[in-house]
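Hi,

Here is the structure I promised to pass on. Have a look at it first, then read my notes below.

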Amino acid sequence: MDIGEPKAVKAEVVKGMSQVSLIFACGTALFSDGYANGVVGAVNLLLMTVYPDYFNLTNSNFTKVLNSLIFAGTVLGMLTFGII
């Protein structure tokens with residue numbers, strides 16, 4: 001009976017769990033980015049409905065700014081978590 005064999009098996013299990021957790025983290029980040037981009041449309045509609053004078057599309061470029069901020073936040077989040 002080889003005593004080194006169980007350690008090798010344990011190392012393979014840990015390596016496999018590390019890969020699974022990485023895939024889970026990437027999937028969670030993708031879902032989060034998609035959710036933020038999907039919700040921004042509803043937020044635009046609600047803000048224009050509740051505050052029609054301030055968030056009027058003819059008087060301001062609020063929708064463009066909000067969409068740009070969501071996109072910038074998505075990219076910044078990707079870069080931040082990519083560095084970490």
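Start with the side chain of T74: one of its polar atoms lies 2.9 Å from the backbone oxygen of I70. That fits a polar contact, meaning a pair of N or O atoms within 3.5 Å, where one must be able to donate a hydrogen and the other to accept it (residues adjacent in sequence count only if both atoms are side-chain atoms).

Before going on, keep in mind that this is a predicted model: local features need pLDDT of at least 70, side-chain atom pairs count only at pLDDT 80 or more, and totals for chains, interfaces and linings use all residues. Residues are numbered from 1 along each chain as its sequence is written, and side-chain values use heavy atoms, with hydrogens and water left out.

T74 sits in helix 2, residues 62–83. The protein has two helices and zero strands (DSSP runs numbered from the N terminus: helices are H or I with at least four residues, strands E with at least two).

Is T74 buried or exposed? T74 counts as buried because its relative accessibility is 10% (buried is under 20% relative accessible area, exposed over 50%, partly exposed in between, with a 1.4 Å probe and protein chains only). Across the protein, buried residues make up 10% of the 84 residues.

What does T74 touch, leaving aside neighbours within four places in sequence? T74 is in contact with D33 and N37, where contact means heavy atoms within 4.5 Å.

Cheers
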